[in-house]
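Reader: I would like to go through this model by question and answer. Please give the cut-offs as the terms come up.

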Amino acid sequence: MFAVIFRAKVAKLDARYSEMAAKMRQLAMDKYHCVDFVAVTEGEQEIAISYWQNEADILAWKQDSEHQIAQQLGRSSWYERYQVEVVEIKRQYQG
């Protein structure tokens with residue numbers, strides 16, 4: 001299992017952002033086998049964590065043409081800066 005951690009400093013979020021975020025979440029789940037996708041914005045900080053079974057699906061997601069449009073809009077309109085980390089989950093447990 002892998003996780004993609006997206007962290008950003010928000011510049012300005014608008015109605016188009018909300019629509020795009022919902023569309024991208026659904027696309028990741030439906031077409032690229034994303035297992036779970038959680039996002040939280042607090043003040044100027046946003047963090048989104050998505051979970052995946054393999055890296056191939058993550059790479060395919062990154063290269064998706066619709067996702068690339070969303071990425072460009074993020075860089076030009078919604079975020080001052082961002083950081084993406086792809087991590088492998090070595091252990092998982094619940095209480």
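Author: Helices (H or I, at least four residues) and strands (E, at least two) are DSSP runs, numbered from the N terminus. This is a predicted model, in which local features need pLDDT of at least 70 and side-chain atom pairs count only at pLDDT 80 or more, while totals for chains, interfaces and linings use all residues. Residues are numbered from 1 along each chain as its sequence is written, and side-chain values use heavy atoms, with hydrogens and water left out.

Reader: In which helix is Trp-61, and is Trp-61 buried or exposed?

Author: Buried means under 20% relative accessible area, exposed over 50%, and partly exposed in between (1.4 Å probe, protein chains only). Trp-61 has a relative accessible area of 8%, so it falls in the lowest of these classes. The residue belongs to helix H2 and is buried.

Reader: Which residues does Trp-61 contact, leaving aside neighbours within four places in sequence?

Author: Contact means heavy atoms within 4.5 Å. Trp-61 and Tyr-32 are 29 residues apart in sequence, yet their C-alpha atoms are 6.2 Å apart in space. With the sequence neighbours left aside, the contacts of Trp-61 are Met-24, Leu-27, Ala-28, Tyr-32, Trp-52 and His-67.

Reader: Which residues of H2 are buried, and which are exposed on the other side?

Author: The buried residues of H2 are Asp-57, Ile-58 and Trp-61. They lie on the same side of H2 because they cover an arc of only 100° around the axis, the arc being that of the directions from the helix axis to the C-beta atoms. These buried residues pack against S1, H1, S3, H3 and strand S4 (79-88). On the other side, the exposed residues are Ala-56, Lys-62 and Gln-63.

Reader: How many residues does the largest nonpolar core have?

Author: A nonpolar core is a set of buried Ala, Val, Leu, Ile, Met, Phe, Trp, Tyr and Cys residues joined through side-chain atoms within 4.5 Å. In the largest one, the residues with the most contacts inside the core are Met-20, Met-24, Trp-52, Trp-61, Trp-78 and Tyr-79. Two or more residues each come from strand S1 (2-10), helix H1 (15-31), strand S3 (45-52), helix H2 (55-63) and helix H3 (65-78). The size of this core is 20 residues.

Reader: Which residues of H2 does Trp-52 contact?

Author: With neighbours within four places left aside, the contacts of Trp-52 include Met-1, Phe-2, Val-4, Ala-28, Tyr-32, His-33, Cys-34 and Val-35. His-33, one of these, is in the loop between H1 and S2 and has a positive phi of about 65° although it is not a glycine. From H2, the contacts of Trp-52 include Asp-57, Ile-58 and Trp-61.

Reader: What does His-67 touch, not counting residues up to four places away in sequence?

Author: His-67 is in helix H3. Its relative accessibility is 13%, so it counts as buried. Not counting residues up to four places away, His-67 touches Met-24, Trp-61 and Lys-62.

Reader: Which residues make the nonpolar surface patch?

Author: Patches are made of residues with over 30% relative accessible area and no salt bridge; like charges are joined within 9 Å, and nonpolar side chains (Val, Leu, Ile, Met, Phe, Trp, Tyr) within 5 Å. Val-40, in strand S2 (residues 36-42), is partly exposed at 46%, and Ile-47, in strand S3, is partly exposed at 34%. Val-40 also touches Ile-47. The patch, of about 220 Å² (Shrake-Rupley method, 1.4 Å probe, only the protein chains shown counting as cover), is made by Val-38, Val-40 and Ile-47.

Reader: Which residues do salt bridges with shared partners join into one network?

Author: A salt bridge is a side-chain nitrogen of Lys or Arg within 4 Å of a carboxyl oxygen of Asp or Glu, and the structure holds 5 of them. Glu-44, in the loop between S2 and S3, pairs with Lys-9 at 3.8 Å, N to O. Lys-9 also forms a salt bridge with Glu-80, with the closest N and O atoms 3.5 Å apart; Lys-9 is in strand S1 and Glu-80 in strand S4, 71 residues apart. The network joins Lys-9, Glu-44 and Glu-80.

Reader: Is Asp-64, the salt-bridge partner of Lys-31, buried or exposed?

Author: The side chains of Lys-31 and Asp-64 meet at 3.7 Å, N to O. Lys-31 is in helix H1 and Asp-64 in the loop between H2 and H3, 33 residues apart. Lys-31 counts as partly exposed at 48% relative accessibility. Asp-64 has a relative accessible area of 6% and is buried.
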